[in-house]
Amino acid sequence: LTGESIAIRMYSPKETVSGTVLIEGNDFNYFSKGITINGGGDVLDIVIRRNTIRNSYSEENHSQGIYASHASVLLEENIFDHNGWYQKQVGTGNEKDEGQGNMFNHNTYFSDSFNSKFIRNIFLRSSSIQNKWTSNSDPNSSSDSIKSHDLWMEDNLYVGGEVGISAGGNTDYDTGPRWKNITIINNVMLAIGRDQPTNRTLGWNIDATDWDGGLICGNYLLHNDNPLVTNISGIRLSGHSNDVTIAENTIHGLIASAPSSKTAAISIDGAPKANIHISGNNIQLADSNMRIFVSDQQGSIVYDGNKYHSDLDSAEWFRLLDTNYDIDAWRAISDDINSAVGKDSFLEPRRTFETYLSSIGLSQSINEFMEQAVIQSKGNWNKDFTADSVLAYIREAYGDVSCSN
C-alpha cells in the first residue's frame with residue numbers, strides 16, 4: 001500500500017459529539033488502518049466486537065490496526081495480528097518504504113481517550129506497541145493536565161511486539177499527572193520483544209507514566225525468548241504518579257544476561273510519587289540476571305507480601321538510589337519485611353502460546369492460528385480461538401492467580 005487505505009473511518013469535527021456505532025464480525029486485512037476514529041470531536045459509545053484486524057501497513061504513512069482520538073470505545077473479543085508492518089525494518093531507522101516496521105506503528109493507538117475498555121482481545125505481533133495510549137498536554141500550555149481517564153484493560157492476551165501496554169506518551173511538560181483511573185488486570189503477556197519488527201532490542205511489558213490513580217494487578221508477564229532482545233522490563237512506573245497499586249502479578253521467564261541500572265521486574269523512576277503500593281507479586285527470575293526491583297526513590301513506596309527469586313547474584317537483587325542491596329539490607333532500608341524469598345515450582349513452567357496451539361491440534365504457528373481464526377463468524381465463534389481459552393491454559397500452569405483488589 002503506497003498511500004492511505006482505511007476500512008472504516010468515523011469522523012467527528014471539533015466541538016461536536018457523535019457515536020453509538022457497533023462494528024462486529026468483520027475481517028479487515030491489508031489496509032493502512034483497519035479502523036480510524038478522529039476529527040477532534042468526542043466519539044461516544046463505540047463497540048468493536050469479534051473482528052479480525054490484521055496486516056495493516058503503509059509505505060508512506062503511519063499505520064495502525066486501530067487509531068482512535070477523543071473516543072470512548074468498548075473493544076471486545078477481537079483478534080489483532082501483524083499490524084503496522086509488512087516486513088522488518090531493514091536498518092536502524094524508522095523507514096516506511098515497502099511497509100517496514102517502525103516505532104510509530106502499533107496494533108492499537110488511542111489518543112486522549114476516556115471511558116474505554118479492552119476486554120478479552122488477542123493482540124499478536126505488532127510493529128511496536130500492542131496497546132499504545134497517549135495523553136497529550138495542551139501544546140499552547142506549559143503544564144500537564146488530565147487528558148485520558150477511566151481506561152480498563154482486562155483478560156487480554158499479548159504475544160510478541162516490542163511493548164505490551166504503554167500508557168505514557170506523548171506531550172509531557174513534567175509538571176504533573178496526565179492520566180486518571182487506569183486499570184490493567186488479569187492480562188497475559190508472552191514473548192514481548194520476540195519479533196523485532198523495528199530491529200530494536202526492546203521487550204517492555206507494561207509501561208505507566210504520570211498516573212493519578214491506577215491498578216496493575218493479576219497479570220502474567222512471561223517468557224521473553226529471543227536472546228537478541230536485551231532491553232527487558234516487567235512493569236515500569238514513571239513520571240508524576242500517585243495512588244497506584246501494583247499487586248498479584250506473576251513475572252516469570254524474563255531472561256536478562258546482565259542486570260540493568262534502570263530496568264527490572266518492577267522499576268520506579270525518580271519523579272514525584274505518592275502512595276505507591278507493591279504487594280503480593282510473585283517475581284520468579286530463574287536463569288535470569290534481571291534485578292527484582294530498581295527504584296530511584298524510597299519514601300513513597302510500600303512493599304508487602306511479595307515473593308522473590310532471581311539467579312542474579314543475591315547482592316544485586318535490589319537497587320535503590322544507585323546502590324545495590326541483598327534481601328536483608330533491602331528489608332532494612334525499604335521496610336519490606338513481609339515479603340518472602342523462594343523459588344516457585346510452577347505446574348508447567350514452559351507453557352506458551354505455541355504450546356497452546358499444539359494442545360488444540362495446530363502446528364506451533366501463529367499464521368495457522370490466524371488462518372483458522374478468520375473463518376469464524378458472528379454466529380460461529382470457536383472458543384479455541386478466544387482469549388478466554390488461551391488465558392485459562394496459561395494460568396493453570398502458573399498458579400491460576402487473578403486480581404483480588
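The paragraphs below lead through several parts of this structure, which is a predicted model.

A good place to begin is helix α1, which spans residues 327-334 and has Ile327, Trp330 and Ser334 as its buried residues. These residues cover an arc of only 55 degrees around the axis, so they sit on the same side of α1. The exposed residues Asp328 and Ala332, by contrast, are carried by the face of α1 that is turned away from its buried side. What do the buried residues of α1 pack against? Their partners are the strands β28 (293-295), β29 (301-304), β30 (307-310), β31 (318-320), β32 (323-325) and β33 (340-341).

The two ends of this helix also deserve a look. At the N-terminal end, aspartate 326 acts as a cap for α1, with a side-chain oxygen lying 3.3 Å from the backbone nitrogen of aspartate 328. Aspartate 328 is thus a residue to find twice, since it belongs to the exposed residues on the face turned away from the buried side and its backbone nitrogen takes part in the capping. Just after α1, aspartate 335 takes a positive phi of about 65 degrees.

From the helix we can move to histidine 223, which is found in the loop between β21 (220-222) and β22 (231-238). Is histidine 223 buried or exposed? Its relative accessible area is 3%, and because buried means under 20%, histidine 223 is buried. The side chain of histidine 223 makes a polar contact with the side chain of arginine 350 at 2.8 Å, and it makes another with the side chain of tyrosine 398, also at 2.8 Å. Apart from residues up to four places away in sequence, histidine 223 touches several others, among them Leu190, Ala191, His252, Gly253, Leu254 and Pro349.

A second histidine, number 277, is found in strand β26, which covers residues 273-279. Its relative accessibility is 31%, so histidine 277 counts as partly exposed. The side chain of histidine 277 makes a polar contact with the side chain of asparagine 275 at 2.9 Å. If neighbours within four places in sequence are left aside, histidine 277 is in contact with Val244, Thr245, Ile246 and Val302. Aspartate 243 is 34 residues away from histidine 277 along the chain, and the C-alpha atoms of the two are separated by 7.8 Å.

Aspartate 287 can be read in the same manner, and its place is in the loop between β27 (282-285) and β28. With a relative accessibility of 63%, aspartate 287 counts as exposed. When neighbours within four places in sequence are left aside, aspartate 287 is in contact with Ile255 and Asp311. Between aspartate 287 and glutamate 396, which are 109 residues apart along the chain, the C-alpha atoms are separated by 22 Å.

The backbone holds some further details in its loops. A cis peptide bond, with omega of about 5 degrees, joins glycine 169 and asparagine 170, and asparagine 170 lies in the loop between β16 and β17 (179-185). Asparagine 186, in the loop between β17 and β18 (188-190), has a positive phi of about 60 degrees although it is not a glycine. Asparagine 186 counts as buried, because its relative accessibility is 8%. Glutamine 196, whose place is in the loop between β18 and β19, likewise has a positive phi, here of about 50 degrees, without being a glycine. Glutamine 196 is buried, with a relative accessible area of 8%.

The last stop is the largest pocket, which holds about 280 Å³ of space. How many residues line the largest pocket, and which of them lie nearest its centre? The lining has 18 residues, and those nearest the centre are Met103, Phe104, His106, Ile129 and Lys132. Several strands contribute to this lining, for β7 (64-69), β10 (106-111), β13 (129-134), β16 (163-169) and β19 (202-209) each supply at least two residues. Among the contributors, β19 gives the largest share, with 3 residues. Sorted by class, the lining of the largest pocket has 8 nonpolar, 6 polar and 4 charged residues.

Conventions:
Residues are numbered from 1 along each chain as its sequence is written. This is a predicted model: local features need pLDDT of at least 70, side-chain atom pairs count only at pLDDT 80 or more; totals for chains, interfaces and linings use all residues. Side-chain values use heavy atoms; hydrogens and water are left out. Helices (H or I, at least four residues) and strands (E, at least two) are DSSP runs, numbered from the N terminus. Buried means under 20% relative accessible area, exposed over 50%, partly exposed in between (1.4 Å probe, protein chains only). A polar contact is a pair of N or O atoms within 3.5 Å; within protein, one must be able to donate a hydrogen and the other to accept it, and residues adjacent in sequence count only if both atoms are side-chain atoms. Contact means heavy atoms within 4.5 Å. The arc is that of the directions from the helix axis to the C-beta atoms. On a 1 Å grid over the protein atoms alone, a cavity is a set of points where a 1.4 Å probe fits but cannot get out, and a pocket is an open set with protein on both sides within 12 Å along at least five of seven lines; lining residues have an atom within 4 Å of a point. Grid points are joined across faces, edges and corners, and a volume is the space filled by probe spheres set on the points. Ala, Val, Leu, Ile, Met, Phe, Trp, Tyr, Cys and Pro count as nonpolar, Asp, Glu, Lys and Arg as charged, and the others, Gly among them, as polar.
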